[in-house]
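Got the viewer open? Here's a short tour, one selection at a time.

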Amino acid sequence: MRMVEHDYGSAEIVLPVKPKLLPGLDVLERGDGQVQFGVHSGHSVVACDVSPDILSALRRLDGSTSTTDLLALAEGEHHAEELRDLLTELTELGFLEDADEPRTDTPVLRDASFWSLRTGRTRRETTADRARYAVVVHGVGRLTTTVACLLAAAGVGHVRVETDGLVGEEELGGGFSDADLGRQRRTATAELIQRVNPRVKTGKLGRRPPDLAVLADAVVPAPELVAELVADGITHLRAGVHDGRGVVGPLVIPGRSSCLRCLDLHHADRDGHWPLVASQLAGRRQRADLSDVSATAALACVQSLRALLSAERRPPTWETTLEVDAFDGTVAHHPAPPHPDCGCRPSAGIPPMA
Ligand SMILES: [Zn+2]
């Protein structure tokens with residue numbers, strides 16, 4: 001929690017014409033003249049010695065009143081400079097948007113408020129970023145459909161699911177209903193995605209390579225698919241649920257990071273029988289409980305968005321496998337460095353996340 005003391009100067013910060021608190025943020029009174037914005041201790045801010053007229057102005061941070069009018073309200077009580085400082089701080093932290101900005105064809109994402117606090121990208125910028133992304137999700141199963149639907153809900157412009165066969169009973173509960181049983185999985189999945197977000201494209205990408213491929217559900221991704229992605233230089237992220245534990249990562253940027261073969265070679269170093277076991281698991285999936293699917297899908301979706309955003313920075317899945325265990329309530333980070341016997345020969349890689 002940060003305490004705002006009104007003793008800073010940030011003249012270069014341009015205040016919004018019509019300031020509006022990010023959706024989800026409230027003005028909370030703490031007593032003793034203190035006002036709190038936000039709840040989480042890592043982000044929340046407390047302003048001290050807030051006079052009643054400033055509190056009244058803060059109550060109008062809903063985009064309905066201009067900064068000029070708010071300052072005029074406080075001016076009567078000689079508190080305009082204090083209010084200006086507070087608005088400057090809130091703007092600098094990304095807590096305020098401008099309700100006066102012109103409308104765009106694509107509505108600003110409602111789901112990106114707290115993403116903007118973490119990334120420094122405004123909701124408007126995030127909306128535009130995500131609309132440009134194209135992601136292909138390869139897989140068969142509830143994790144595949146759930147990840148695809150979350151990416152669509154997050155505003156990714158093109159979500160293509162590469163799948164085949166017919167919807168089976170084991171896939172119900174991940175978005176499919178009884179009415180989908182026996183339907184072509186590809187068609188049913190595309191319709192499901194468009195029900196989540198009608199703006200999302202779901203067709204083939206054509207000549208455009210995807211920005212990211214997600215390899216979902218398979219316990220061991222099919223080697224021929226992995227080889228194709230590496231040969232085409234397509235960034236890919238593995239996600240699966242195995243024995244009740246969700247696994248997300250590593251993120252593979254061909255030629256720059258370690259790869260899935262590195263992971264396999266490390267596994268074989270620890271267990272000499274792994275190559276034979278892996279060959280039997282390639283492309284196979286394991287039915288998972290819906291709660292484990294949901295926990296893993298959420299992690300896979302957000303890590304996909306981070307990988308897409310931070311093309312020049314290392315996201316948490318960089319040469320790392322994240323293992324989510326909903327039963328134990330843990331997310332473990334397992335290093336997945338380059339293996340000396342793998343031919344992927346990653347270069348110096350990319351810089352760590354700022
Ligand atoms: Zn490798």
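Start with glutamate 319, which has 21 C-beta neighbours inside 10 Å and so counts as buried; the cut-off for that label is 20 or more. You'll find glutamate 319 in the loop between α11 and β12 (320–325). Check its backbone too: phi is near 45°, a positive value in a residue other than glycine. Keep in mind throughout that this is a predicted model.

**Zoom out**

Show the whole protein chain as a cartoon. There are eleven helices and 13 strands to colour, and the C-alpha atoms fill a box of roughly 80 × 50 × 40 Å along the principal axes. Of the 354 residues, 38% count as buried. If you draw the contacts between residues at least 6 apart in sequence, 67% of them join residues at least 24 apart.

**Select 290–309**

This is helix α11, with 20 residues. From its first C-alpha to its last it reaches 28 Å, close to the 28 Å expected. Most of α11 is covered, with 15 of its 20 residues buried.

**Select 142–153**

Next comes helix α6, twelve residues that reach 16 Å from first C-alpha to last, close to the 16 Å expected. How many of its twelve residues are buried? Eleven, so α6 is mostly covered as well. The buried set includes Arg142 at the start of the list, along with Thr144, Val147, Cys149 and Leu151. To see what does the covering, add β7 (134–138), β8 (158–162), α7 (185–196), β9 (212–216), β10 (236–242) and α11, all of which are included in the cover. Following α6 is glycine 155, with a positive phi near 95°.

**Two helix crossings**

Hide everything but α6 and α11. They pack at an angle of about 45°, with their axes 9 Å apart, which makes α6 oblique to α11. The crossing is right-handed. For the contact itself, show side chains for Arg142, Leu143, Thr146, Val147, Leu150 and Leu151 on α6; the α11 side includes Leu290, Val293, Ala297, Ala300, Cys301 and Ser304.

Now swap α11 for α7. The axes of α6 and α7 come within 8 Å and cross at roughly 35°, and this crossing is right-handed. Here α6 contributes Thr145, Ala148, Cys149, Ala152 and Ala153, while α7 brings Thr189, Leu192, Ile193 and Val196.

While α7 is on screen, pick out arginine 195, which sits in that helix. Is arginine 195 buried or exposed? It counts as exposed, because it has 11 C-beta neighbours inside 10 Å. Put a distance label between the C-alpha atoms of arginine 195 and alanine 152: they are 43 residues apart along the chain and separated by 9.5 Å.

**The nonpolar cores**

In soluble globular proteins, nonpolar side chains tend to be buried together. The largest nonpolar core here has 57 residues, and Val147, Leu151, Val159, Val214 and Ala239 have the most contacts inside it. Its largest share, nine residues, comes from α11. A second, separate core of 18 residues includes Val35, Leu58, Leu61 and Leu96.

Go back to valine 214 and show its neighbours. Leaving out residues up to four places away in sequence, it touches Val135, Val137, His138, Val147, Leu237, Ala239, Ala300 and Ser304.

**Loops and backbone oddities**

Aspartate 217 lies in the loop between β9 and α8 (223–231). Aspartate 217 has a positive phi, near 75°, in a residue other than glycine. Aspartate 217 is buried, with 30 other C-beta atoms within 10 Å.

Move to strand β11 and select proline 250. A cis peptide bond joins glycine 249 to proline 250, with omega about 0°.

Then step into the loop between β11 (245–252) and α9 (260–270) for arginine 256. With 16 C-beta neighbours inside 10 Å, arginine 256 counts as partly exposed. Threonine 235 is 21 residues from arginine 256 in sequence and 9.9 Å from it in space, C-alpha to C-alpha.

**Last stop: 274–281**

Finish at helix α10. The number of buried residues among its eight is zero, so α10 lies largely in the open. Just after α10, look for glycine 283 and its positive phi of about 75°.

Terms used: Residues are numbered from 1 along each chain as its sequence is written. This is a predicted model: local features need pLDDT of at least 70, side-chain atom pairs count only at pLDDT 80 or more; totals for chains, interfaces and linings use all residues. Helices (H or I, at least four residues) and strands (E, at least two) are DSSP runs, numbered from the N terminus. The expected span of a helix is 1.5 Å times one less than its number of residues. A nonpolar core is a set of buried Ala, Val, Leu, Ile, Met, Phe, Trp, Tyr and Cys residues joined through C-beta atoms within 7 Å. Two residues are in contact if their C-beta atoms, placed from the backbone, lie within 7 Å. Axes are lines fitted to C-alpha atoms, for helices over the stretch in contact, and angles run from 0 to 180 degrees between N-to-C directions. Angles under 35 degrees count as roughly parallel, over 145 as roughly antiparallel, 65 to 115 as roughly perpendicular and the rest as oblique. A crossing is left-handed if the near helix is turned anticlockwise from the far one by less than a right angle, and right-handed if clockwise.
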